[in-house]
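Q: I'm new to this one, so please take a close look at a single part for me: the aromatic rings and what surrounds them. Keep it relaxed, and explain the terms as you go.

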Amino acid sequence: MCIRDRVKVEQYDDSSSSWIPLTAIHLISNRRPYLILFGDVVADRIRVVFTGHSKNIRLGVVAVGAYMLFPGCVGPGYKPPYLNQNVTTINPVSSVGNLLGTSERKRTSKLSATIPLLDSTFVYGEYQQFADSAVQYPFFWSANDIDSHEVFYGRASNRPEAFWSTRTTMTARIDAVGYY
């Protein structure tokens, strides 16, 4: 049986001097990045609340801010981060010729996505801002905000690009390295 922890996001309400939930309670049962989306909020204080069975909950990165939603879907050739992992191991240990195991040193993941049929106003606006910062600053990615296998945290391996794919639409391309 897998032990699950619960997480929710709350904002502080000065008028009632209490914390108000911004999200429903989410169950988390893995060590991968997790994405929680909620609507626009203006608040002086926001907190992430963990409850559950784990004694040692570790929070690595929290990013609060606007998110960019592509007005299309991921195109053919998409490589989901959880299927494109690079595992670095320490040399296997053996005793009298019997393999005892290999220790994992680190695990990284690759993201490769093409998003076709985009309007040029989106590409020259929101996507341009994302592309300008994606090499320097890490970002969260999800091709499907419901499936936790799709959540990725990383940095673009080179500047995300865009090109004209038809007479009236553009295609965006993102390649990144990070963690899923």
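A: Two strands pair if DSSP finds at least two bridges between them, with strands (E, at least two residues) and helices (H or I, at least four) being DSSP runs numbered from the N terminus. This is a predicted model, where local features need pLDDT of at least 70, side-chain atom pairs need 80 or more, and totals for chains, interfaces and linings use all residues. Numbering starts from 1 along each chain as its sequence is written, and side-chain values use heavy atoms, leaving out hydrogens and water.

With that in place, look at the strands. β7 (residues 139–141) runs antiparallel to β8 (residues 152–156), and three bridges join them. Follow F139 across and you'll find G154 of β8 standing opposite. β8 also pairs with β10 (residues 170–179), again in the antiparallel sense, over four bridges. One spot to check there is A156, whose bridge partner in β10 is A176.

Now for the rings. Searching the whole structure turns up eight aromatic pairs (Phe, Tyr or six-membered Trp ring centres within 6.5 Å; planes under 30 degrees apart are stacked, over 60 edge-to-face, the rest tilted). Y12 and W19 make one that is edge-to-face, with 5.1 Å between centres and 65° between planes. Y12 counts as buried because its relative accessibility is 19%, while W19, at 28%, counts as partly exposed (buried is under 20%, exposed over 50%, partly exposed in between, with a 1.4 Å probe and protein chains only).

Another pair is F70 with Y127, which is tilted: the centres are 6.1 Å apart and the planes 55° apart. F70 sits in the loop between β4 (46–52) and β5 (85–95), whereas Y127 belongs to helix α1 (residues 120–134), so this pair ties together parts 57 residues apart in sequence. Both of these residues, F70 and Y127, are buried.

Stay with Y12 for a moment. You'll find Y12 in strand β1 (residues 5–13), and R45 lies over the face of its ring, 3.8 Å from the centre (Arg CZ or Lys NZ within 6 Å of the centre and 35 degrees of the ring normal). Between Y12 and R45 there are 33 places in sequence but 5.5 Å in space, C-alpha to C-alpha. Setting aside neighbours within four places, Y12 is in contact (heavy atoms within 4.5 Å) with S17, S18, W19 and R45.

Back to F70, which is linked through ring pairs into a cluster with Y78, F122, Y127, F130, F139 and W141. With neighbours within four places left aside, the contacts of F70 are I115, L118, F122, Y127, W141 and I174.

F70 also turns up in the largest nonpolar core (buried Ala, Val, Leu, Ile, Met, Phe, Trp, Tyr and Cys joined through side-chain atoms within 4.5 Å). That core has 20 residues, and F70, L111, Y127, F139, W141 and I174 touch the most other members. At least two residues come from each of β6 (98–118), α1, β7, β8 and β10. Helix α1 gives the most, with six residues.

Finally, look at S120, which is also found in helix α1. S120 is buried, its relative accessible area being 19%. Not counting residues up to four places away, S120 touches W164 and M170.
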